[in-house]
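Here is a friendly tour of one protein model, written for reading beside the structure. Have a look at it first, and then we can go through it together.

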Amino acid sequence: MPNIIFMGTPDFSVPILKDLNAAYGVDLVVSQPDKPVGRKRIMTPPKVAAAANELDIEVYQPENIKDEEAMRKLESIDPDIIVTAAYGQILPKALLELPKHGAVNVHASLLPKFRGGAPIHHAVMAGAEKTGITIMYMAEGLDSGDIISQREIPILEEDDTGALHDKLSRLGSELLLQTLPSILEGSNESIPQDHASATYSPNISKEDERLDLDRPAQEVFNHIRGLSPFPGAYTKLGDKRLKIYGAKLTGEKTAKPAGEILGVHDEGFLVAAGDEKLLITEVQLAGKKRTSAKEFIQNRRDLVGQSLG
């Protein structure tokens, strides 16, 4: 069996690790360091590190993968291949050249579209009609290596980032296992990316989270589902932050100012977004639990006529 190093961090990468280990065995898992989580700031391992521990695979969590100590550690495995999936650090050239069959990445977009750390969020926010998985050789540039294989899926109107994340995680695992045999045999083909067509999807910033209800309703809708369930798009209700996790397009026009709460609906409440009515279905007011918009508005009918923004 080949010596395999797997590098990944979030829950997206867990099914990929588990299936790869079941098929080939993984000799070392490299993940990001533990981080404090929650109000009590409890040091918590990344999802991949936790999964590796359950699988009894050795875990290595360097602060900086470019350190000499990290390089020596990975050299000691004598890897035939390195597989990465949302690891979170850029690998140095020396590490990319270490494995006999190279370093390959499972990327959650149809490269060269949506290079970077948040391809699923940005694909949904951009209103893309399709996305997919790319298996690629890693290069020094950001997600710029040659493409080995790709598979696409449609982005449905009911898909938010959470739903699409789960679909792509499963698809990534399937495509990796279909592609690996030819890589390990040295019989695979690869094609360079069209760098002129590249688009980018940087990690979501605090500024990205704020909704602009002056934008057309379709764009506001895409923004909401693109940031649901994490980190959540928000607007302001008075001086409090109101996160919006769910919405539906109505196609109904309105002449009311953008952001105005227009009325109560069976599934929540209506708000003006651009020149249309947008149905809000799931919210969370600062300091409160996430809830259906229907439950939220039941005891707050006086909010009709007030503005979000």
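What share of the 309 residues in the protein is buried? Buried residues, meaning those under 20% relative accessible area (exposed is over 50%, partly exposed in between; 1.4 Å probe, protein chains only), make up 49% of them.

A word on the basis: this is a predicted model, where local features need pLDDT of at least 70 and side-chain atom pairs count only at pLDDT 80 or more, while totals for chains, interfaces and linings use all residues. Residues are numbered from 1 along each chain as its sequence is written, and side-chain values use heavy atoms, leaving out hydrogens and water.

The fold contains 8 helices and 15 strands, taken as DSSP runs (helices H or I, at least four residues; strands E, at least two) and numbered from the N terminus. Its C-alpha trace spans about 65 × 45 × 30 Å along the principal axes. Of the contacts (heavy atoms within 4.5 Å) between residues at least 6 apart in sequence, 63% join residues at least 24 apart.

Two residues make a handy pair to look up:

| Residue | Location | Relative accessible area |
|---|---|---|
| Y200 | loop between α6 (161–185) and α7 (217–226) | 48%, partly exposed |
| E276 | strand β14 (residues 276–285) | 19%, buried |

Leaving aside neighbours within four places in sequence, E276 is in contact with A217, G251, E252, K253, T254 and V271.
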